[in-house]
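User: I would like to go through the sheet in this model and check each label against its definition.

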Amino acid sequence: MNDMRDFQMRLEREIEQVRRESRWAPEDASRYMTALAERKTLFESTALTLMDQIIRPRIEILASQFANACLAKDTPFGRISYWFGYCERFPASTSLAFAVEHDVSIETIFVCCEVSMMPMFIKINERDRLTMLLDEVDSNLVLKWTEDRLIEFLDDYLQIDRGSKEFQGDVATDPVCGMRIGRSNTTFTGSYRGHPYFFCSRDCQQQFAAKPTDFVNVRAM
């Protein structure tokens, strides 16, 4: 208990010292906040450019090669994520995400790549990061790094490919989220006016069941 009292007294002395000696003048704080706001604006502009011109188009090209790929919804600013659903051909739930982030002082920018796989059949590079000063962002470097990470992901993902020849003929589209899935690999199904529908998850199945007309337009015979 004496140790706790000694610690409390040290804290109080430190606080009292700060009160006597101002360490952060009002004009310094104002200049800092102005500079921080300017760097935040620059970061947002840079992140948007990198995402829209380099990262997003390339990850979309990769995802378009797989019927089980689905774009994640409601991702925060500066981030894009795709989910590659479990299916007969690729028996693992896999996610691939890219993000553009910054440090606390918004002086350094990070381009991040994150991969997860469940179950994890192979060793994968789960997280990688390219670091640059915000004032010295090299778009060509970001482009090369992004493409290298996507090729690395592709090489890893194809290692679990079972090569099912029947997969493409088994594909259906979830009418709620638009994800392409294998008919034989989902337990979430439904029907509307005699037409069968297949879903990637229970959530999509329930949304469709509640109001099918929000997702399909089928004429009665």
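The exchange below takes up strand pairing, sheet order and helix packing.

Analyst: This is a predicted model, in which local features need pLDDT of at least 70, side-chain atom pairs count only at pLDDT 80 or more, and totals for chains, interfaces and linings use all residues. Residues are numbered from 1 along each chain as its sequence is written, and side-chain values use heavy atoms, with hydrogens and water left out.

User: What makes β1 and β2 a pair?

Analyst: Strands are DSSP runs of E with at least two residues, and helices are runs of H or I with at least four, numbered from the N terminus. Two strands pair if DSSP finds at least two bridges between them. Three bridges join β1 (residues 69-71) to β2 (residues 79-84), so the pair meets that definition. The two run antiparallel; L71 is bridged to Y82 and C70 to W83.

User: How many bridges link β2 and β3?

Analyst: Six, in the antiparallel sense, with β3 spanning residues 93-102. One of the partnerships is R79 with A99.

User: Why are β1 and β5 called edge strands?

Analyst: The open sheet has five strands in the order β1-β2-β3-β4-β5. β1 and β5 (127-133) each have a single partner strand, so one side of each lacks a neighbour in the sheet.

User: Which strands does helix α2 touch?

Analyst: Contact means heavy atoms within 4.5 Å. Helix α2 (residues 26-63) touches β1, β2, β3 and β4 (108-118), and thus packs on the sheet. Its direction makes about 160 degrees with that of β3, where axes are lines fitted to C-alpha atoms, for helices over the stretch in contact, and angles run from 0 to 180 degrees between N-to-C directions.
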